[in-house]
Amino acid sequence: MIRSLVQLGAVAGVVVSMGGCSLLSTPDPVQNYRFGLPLDAPSAEGDTPAPLSVSIRRIEFPEATGDDRILGVTGTETAYIGGARWVSPAATLFDDSLKAAFANRADQIRVLGRREPGTPPLVLQVSVTTFEARYAAPGATPDVVITARAQLRSTPERRAGGDAAIRPEQARSVERVFTVTQPAGENRVSAIVAAFDTATRDINTQIADWTIQSAK
C-alpha cells in the first residue's frame, strides 16, 4: 500500500495504492485534467519539403506514471494525488505534445508516420524516467520534475538499386538527458497541473530543437 503524503492541503483527497484500493469507503469525485496541449503549428510556405525527416518511436514511460494517475513524491514516500486524473494516459499526452513541438517546426523537420513505408533516415527514441510532483516537505508547494533521455539514430539510406548510400558502420547515434523542474504556483491540483503542462511543453521544445541541431 502506498503511504500517503502528509497534509497535502487542498490537494489532499483519496490516496490510492498501486493496486487501486481506496483508503476511504466513499471516494471523492474525480476531476480529469490534461497537459501539453498542442501548440498552433505554422503552415509551411509553398510546397518546399522540410530538409529533414524523422521517425519518432513510441514514448517509453515509467509504469508508475504512464497511466492516468498523478504521482506525488515526498522524500522516499509516494502517493497518487486523490480526486485528480489525466484525461488520457500520461504517456499518450506526452507523445502528442512531443509531436506538436515538431509540428511547430514543420519548415525545418517533418515527422514521418509510424506506418509510412521505407526506412526513415533519422529515428528518435524518447524515454521518460521521471514525471512527478516533488514535495520538499509534507504540505509544501511542489515542483514538477520531468526527466527524459532522447536518442537520435541515423539509419542507412537506400539508393534506387538497393545499395546503401550510408554503410551500416557509418550510421551514428547521439543522445542527451533533459531535465525540467517547474515550481507549481501553490499546493493545489490546478496549479500542479499547470506546472506539468509548462514543464512538458518546455522539455519537448528542447528535445525538438536538439533533434534538429543534432541532425544537421
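Here is a friendly conversation about a predicted model of a protein.

Visitor: How many helices and strands are in the protein?
Guide: Starting at the N terminus, the elements run β-β-β-β-α-β-β-β-β-α. Tallying the two kinds gives two helices and eight strands.

Visitor: What share of the residues of the protein counts as buried?
Guide: A residue is called buried when its relative accessible area is under 20%. The protein has 216 residues, and the share of them that counts as buried is 42%.

Visitor: And what part of the area that the protein exposes do carbon and sulfur atoms supply?
Guide: The protein exposes about 11,300 Å². Of that area, carbon and sulfur atoms supply 48%.

Visitor: Among contacts between residues at least 6 apart in sequence, what percentage joins residues at least 24 apart?
Guide: Two residues are in contact if they have heavy atoms within 4.5 Å of each other. Taking the contacts in the protein between residues at least 6 apart in sequence, the part that joins residues at least 24 apart is 75%.

Visitor: Let's pick one residue. Is Phe 94 buried or exposed?
Guide: Phe 94 belongs to helix α1. Its relative accessible area is 0%, so Phe 94 is buried.

Visitor: Which residues does Phe 94 touch, leaving out those up to four places away in sequence?
Guide: One of them is Val 128, which is 34 residues from Phe 94 in sequence, with 9.3 Å from C-alpha to C-alpha. The full list is Phe 35, Ile 59, Phe 61, Val 126, Val 128, Phe 131, Ile 146, Thr 200, Ile 203 and Asn 204.

Visitor: How are the rings of Phe 94 and Phe 131 arranged: stacked, tilted or edge-to-face?
Guide: The count of aromatic pairs comes to eight. For Phe 94 and Phe 131, the ring centres are 6.4 Å apart and the planes stand at 85°; planes over 60 degrees apart make a pair edge-to-face. Phe 94 is in helix α1 (residues 90-103) and Phe 131 in strand β6 (residues 122-135), so this pair, with its partners 37 residues apart, links distant parts of the chain. The arrangement is therefore edge-to-face.

Visitor: What about the rings of Phe 131 and Phe 196: stacked, tilted or edge-to-face?
Guide: Phe 131 and Phe 196 are both buried. Their ring centres lie 4.9 Å apart, with the planes at 45°, so the angle falls between the cut-offs of 30 and 60 degrees. Because Phe 131 is in strand β6 and Phe 196 in helix α2 (residues 189-215), the pair ties together parts 65 residues apart in sequence. The pair is tilted.

Visitor: Which residues form one aromatic cluster?
Guide: Phe 94 and Phe 131, both buried, are among its members. The whole cluster is Phe 35, Phe 61, Trp 86, Phe 94, Phe 131 and Phe 196.

Visitor: The charged end of which residue sits over the ring of Tyr 80?
Guide: A charge counts as sitting over a ring only within 6 Å of the ring centre. Here the charged end is 4.1 Å from the centre of the Tyr 80 ring, and it belongs to Arg 69.

Visitor: With which residue does Lys 99 form a salt bridge?
Guide: The count of salt bridges comes to seven. Lys 99 is partly exposed at 34% relative accessibility, whereas its partner is buried at 8%. Both residues lie in helix α1, four residues apart, about one turn of the helix. With the closest N and O atoms 3.3 Å apart, the partner is Asp 95.

Visitor: And which residue meets Arg 149 in a salt bridge?
Guide: Arg 149 is partly exposed at 31%, and its partner is partly exposed at 46%. The N to O distance is 3.5 Å, and the partner is Glu 175. Since Arg 149 lies in strand β7 and the partner in strand β8 (residues 173-183), the bridge ties together parts 26 residues apart in sequence, and the name to remember is Glu 175.

Visitor: To the backbone nitrogen of which residue does a polar atom of the Ser 154 side chain lie 2.8 Å away?
Guide: Ser 154 is in strand β7 (residues 143-154). At 18% relative accessibility, Ser 154 counts as buried. The backbone nitrogen lying 2.8 Å from its side chain is that of Arg 172.

Terms used:
Residues numbered from 1 in each chain as written. Predicted model: local features only at pLDDT ≥ 70, side-chain atom pairs only at ≥ 80, totals over all residues. Heavy atoms only, no water. Buried < 20%, exposed > 50% of the residue type's maximum accessible area, 1.4 Å probe, protein only. Polar contact = N/O pair within 3.5 Å; in protein donor to acceptor, adjacent residues only side chain to side chain. Areas by Shrake-Rupley, 256 points an atom, 1.4 Å probe, with all protein chains shown as cover. Phe/Tyr/Trp six-rings, centres within 6.5 Å; stacked < 30°, edge-to-face > 60°. Lys NZ or Arg CZ within 6 Å of the ring centre and 35° of its normal. Salt bridge = Lys/Arg side-chain N within 4 Å of Asp/Glu carboxyl O.
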